[in-house]
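Me: I have a protein model open and do not know how to read it. Can we go through its features one at a time?

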Amino acid sequence: RGDYLGKTVQVIPHVTDEIQKRIREIGEKTGVDVVITEIGGTIGDIEGLPFVEAIREFALGAGRGNVLFLHVTFVPFIKAAGELKTKPTQQSVAKLREIGILPDILVARTEKPLDDDLRAKISMFCNVPVEAVIEEIDVDHSIYEVPIMLRREGMDELICRRLSLQTRPPDM
């Protein structure tokens, strides 16, 4: 019949509240300091909207400094033009901002290195600090190279600073 707790089921608040409840439960049951929650898919697709709305609401409830938005974005290399294009990243960040999510860090998936000018352009048009534009270039051999690359980019320190986490030096 579409009933939930005596009311007609609605995406907002019933589904979004349940998503948030499960995120909180993971933290409470495990006692961890940080819960990493992936909201997969393409920003703007209707299937993902309840999850994006739930995480937006979650961040509002958790308060500033307790949530970090990390957006993984594709920076394609256009062979015919011989250059990397930032427009898809600018568009996905604009879509996130429309929804009420302001990314703190952008992880730029790319097959070619980002130069300083490109990082500055992404920073400017996506409204994130230039040090928060993290290059994740395609790896040569194994996915196990990725954490080392992200460490080299300073992503771990950036996240810890943003969340005010006191940590030991990493043992990679």
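Reply: What follows is a walk from the overall layout to single residues. Keep in mind that this is a predicted model.

Me: Let us start with the layout. How many helices and strands are there in the protein?

Reply: The protein has 6 helices and 7 strands. Read from the N terminus, the elements come in the order β-β-α-α-β-β-β-α-β-α-β-α-α. The C-alpha trace spans about 60 × 40 × 30 Å along its principal axes.

Me: What share of the 172 residues counts as buried?

Reply: The share is 33%. As for the surface, the protein exposes about 11,800 Å², and carbon and sulfur atoms supply 53% of that area.

Me: And how do I read contacts along the chain? Of the contacts between residues at least 6 apart in sequence, what percentage joins residues at least 24 apart?

Reply: In this protein, 62% of those contacts do. Ile 105 and Ile 159 serve as an example: they are 54 residues apart in sequence, and their C-alpha atoms are 8.5 Å apart in space.

Me: Now a strand. Which side chains of strand 3 are buried, and which are not?

Reply: Look at which face each side chain points to. In strand 3, residues 70-74, the side chains alternate. His 71 and Thr 73 point to one face and are buried, while Leu 70, Val 72 and Phe 74 point to the other face and are not buried.

Me: In which sense does strand 3 pair with strand 6?

Reply: The two pair in the parallel sense, over 5 bridges. Strand 6 covers residues 105-110. To follow one bridge, start at Thr 73: its partner in strand 6 is Ala 108.

Me: What should I expect of the nonpolar side chains?

Reply: In soluble globular proteins, nonpolar side chains tend to be buried together. Here the largest nonpolar core has 21 residues. Val 75, Ile 105, Leu 106, Leu 114, Ile 122 and Ile 134 are the members that touch the most others in this core. At least two residues each come from strand 6, helix 4 (116-126), strand 7 (133-137), helix 5 (145-152) and helix 6 (155-162). Strand 6 gives the largest share, 4 residues. There is also a second, separate core of 11 residues, which includes Ile 23, Val 67, Leu 96 and Ile 101.

Me: Which residues does Ile 105 touch, if those up to four places away in sequence are not counted?

Reply: Ile 105 touches Leu 68, Phe 69, Leu 70, His 71, Ala 132, Ile 134, Leu 158 and Ile 159. Now turn to the last of these. Ile 159 lies in helix 6, and, apart from neighbours within four places in sequence, Ile 159 is in contact with Leu 68, Leu 70 and Ile 105. Ile 159 counts as partly exposed because its relative accessible area is 22%, and buried means under 20%.

Me: Where do nonpolar residues form a patch on the surface?

Reply: Val 9, Val 11, Ile 12 and Val 15 make a nonpolar surface patch of about 300 Å². Val 15 is found in helix 1, residues 11-30. With 33% relative accessibility, Val 15 counts as partly exposed.

Me: Next, charged side chains. How many salt bridges does a search of the whole structure find?

Reply: The search finds 12. One of them joins Glu 53 and Arg 56, with the closest N and O atoms 2.7 Å apart. Both residues lie in helix 2 (residues 49-62), 3 residues apart, which is about one turn of the helix. Glu 53 counts as buried, at 16% relative accessibility, while Arg 56 counts as partly exposed, at 25%.

Me: Which pair in helix 3 has a spacing of about one turn?

Reply: Lys 95 and Glu 98 lie in helix 3 (residues 87-99), 3 residues apart. Their side chains meet in a salt bridge of 3.5 Å, N to O. Lys 95 is partly exposed, at 33% relative accessibility, and Glu 98 is exposed, at 61%.

Me: Which residue forms a salt bridge with Asp 156?

Reply: The partner is Arg 151, and the closest N and O atoms are 3.2 Å apart. Asp 156 is partly exposed, with a relative accessible area of 25%. Arg 151 is also partly exposed, with 28%.

Me: Which residues are linked in a network of salt bridges?

Reply: Glu 18, Lys 21, Arg 22 and Glu 25 are linked in this way.

Note on methods: Residues are numbered from 1 along each chain as its sequence is written. This is a predicted model: local features need pLDDT of at least 70, side-chain atom pairs count only at pLDDT 80 or more; totals for chains, interfaces and linings use all residues. Side-chain values use heavy atoms; hydrogens and water are left out. Buried means under 20% relative accessible area, exposed over 50%, partly exposed in between (1.4 Å probe, protein chains only). Two strands pair if DSSP finds at least two bridges between them. Patches are made of residues with over 30% relative accessible area and no salt bridge: like charges are joined within 9 Å, nonpolar side chains (Val, Leu, Ile, Met, Phe, Trp, Tyr) within 5 Å. Accessible areas come from the Shrake-Rupley method with a 1.4 Å probe; for residues, only the protein chains shown count as cover. A salt bridge is a side-chain nitrogen of Lys or Arg within 4 Å of a carboxyl oxygen of Asp or Glu. A nonpolar core is a set of buried Ala, Val, Leu, Ile, Met, Phe, Trp, Tyr and Cys residues joined through side-chain atoms within 4.5 Å. Contact means heavy atoms within 4.5 Å.
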